[in-house]
Amino acid sequence: MAFIRPSTILRLYFVFVSVALLWMFFSYGVWCPEMPRKSRTDTSKLTMAQRENMLLEKEAALSRMADNLYKLERQLQQQYPLQFAQAKSLSLIDMPLLYIITPTHTRPEQKAELTRLSQTLLHVPRLHWIVVEDNDKKTKLVENFVANCGLTFTHLAVKTPPDFKMKTTDPNWLKPRGVLQRNLALKWVRNTLKFSHESSVLYFADDDNTYDLRIFKEMRSTSKVSVWPVGIVGGLLFERPLVEDGKVVAWYTYWKPQRPFAMDMAGFAVNTKLLMKYPHAEFSLKVPRGYQESVLLKQLVRLEELEPKADNCSKILVWHTRTEKPSLKNELRLKQKGRPVSDPNIEV
């Protein structure tokens, strides 16, 4: 039997309660499931006494339902007190949707990193994951992965031109990465929001970073652009916006602190209403290293409009971690010795 998380049970319960309450309010004059089918007759032919009896029967049925709901609520509260309190305060209807954009490229550790990120995102309610491959078409590996990841997702693909593509021997800072992939995701979000007016927030989550679940709660209240620190980045333990009187005034960073927005891609989120207001705002392949964030944000917001999160940018809730590139030299040695290499039909 599959394991169902208590939080899932509670969310389903509150949905059930909401539907039941609506049914209770609007059920007068409608056939009640607990009444015999012969009651589904033309009420215009019933006497006043018969109508009153029908209403009494419906009230009794609704009373029994309310009593059962109350007992179920008490049972859940006793069995899962912490989850119950969290779910009780959770209003999924009013919660802004999160669009999480993740560029990705083919490499031996790709599926492992997507797995790690997806397992984190599974704990975040009201989320749409946009995975964009650096490829001219969708690969079977990623296609299979997102189809079974358990998240609401969109899978896209666009290839970085060869002149802007890094070689395996290049340092990771040499050329911009994920530019066209993020731009394609921005285009998809804008096209989608043409037909939707729901509140939503956009965030760029690379597949090799590490995320505290609290960062997703922090960003959800973004009005324009929210910002926070990022750990293990720029050759420092962390980089962060410097805040005075609740306003961002400068940046704590070693490398080019004069940048308009001197922070990492993982350090900000954007309200999609602002994104729709500036339909041409996007990243660029033709900017100096470290200026991608500034190129986008300069088109959207001023420094004094930034919204500091994570306790006035004093807490680290996201880390710019990287997975070590695996050494596969023994695969080559097996091949040279004429021995069977790892089965290519097994996804890793």
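## P176 and its surroundings

P176 sits in the loop between β3 (153-157) and α6 (179-193). Keep in mind that this is a predicted model. How accessible is P176? Its relative accessible area is 23%, so P176 falls in the partly exposed class, given that buried means under 20% and exposed means over 50%.

Leaving aside residues up to four places away in sequence, P176 touches F164, L285 and Q292. There is also a long-range pairing to look at: P176 and F283 are 107 residues apart along the chain, and their C-alpha atoms are separated by 9.9 Å.

## The loop at H123

Moving to another loop, H123 is placed between α4 (110-121) and β2 (127-133). H123 has a relative accessibility of 46%, so this histidine counts as partly exposed.

Which residue lies 93 residues from H123 along the chain, with 10.0 Å between the C-alpha atoms? That partner is F216.

## Two positive phi values

Most residues other than glycine have a negative phi, so a couple of backbone spots deserve a look. I232 has a phi near 55 degrees, which is positive in a residue that isn't glycine. I232 belongs to strand β7, which covers residues 230-233.

N312 also has a positive phi, near 55 degrees, and again the residue is something other than glycine. N312 is part of helix α10, residues 310-313. With a relative accessible area of 43%, N312 is partly exposed.

## A positive patch on the surface

Where does positive charge gather on the surface? One patch is made up of K329, R333, K337 and R339. Of this group, K337 is located in the segment after α11 (329-336).

Is K337 buried or exposed? K337 is exposed, because its relative accessible area is 64% and the cut-off for exposed is over 50%.

## The protein as a whole

Now for the overall numbers. The secondary structure adds up to 11 helices and 12 strands. The protein has 348 residues, and 39% of them count as buried. Its accessible surface is about 20,700 Å², with 57% of that belonging to carbon and sulfur atoms.

How are the contacts spread along the sequence? Taking contacts between residues at least 6 apart in sequence, 73% join residues at least 24 apart.

Definitions and conventions. Residues numbered from 1 in each chain as written. Predicted model: local features only at pLDDT ≥ 70, side-chain atom pairs only at ≥ 80, totals over all residues. Heavy atoms only, no water. Patch = residues over 30% accessible without salt bridge, like charges linked within 9 Å, V, L, I, M, F, W, Y side chains within 5 Å. Areas by Shrake-Rupley, 256 points an atom, 1.4 Å probe, with all protein chains shown as cover. Salt bridge = Lys/Arg side-chain N within 4 Å of Asp/Glu carboxyl O. Lys, Arg positive; Asp, Glu negative; His and termini not counted. Charge placed at Lys NZ, Arg CZ, Asp CG, Glu CD. Helix = DSSP H or I, 4+ residues; strand = E, 2+ residues; numbered from the N terminus. Buried < 20%, exposed > 50% of the residue type's maximum accessible area, 1.4 Å probe, protein only. Contact = heavy atoms within 4.5 Å.
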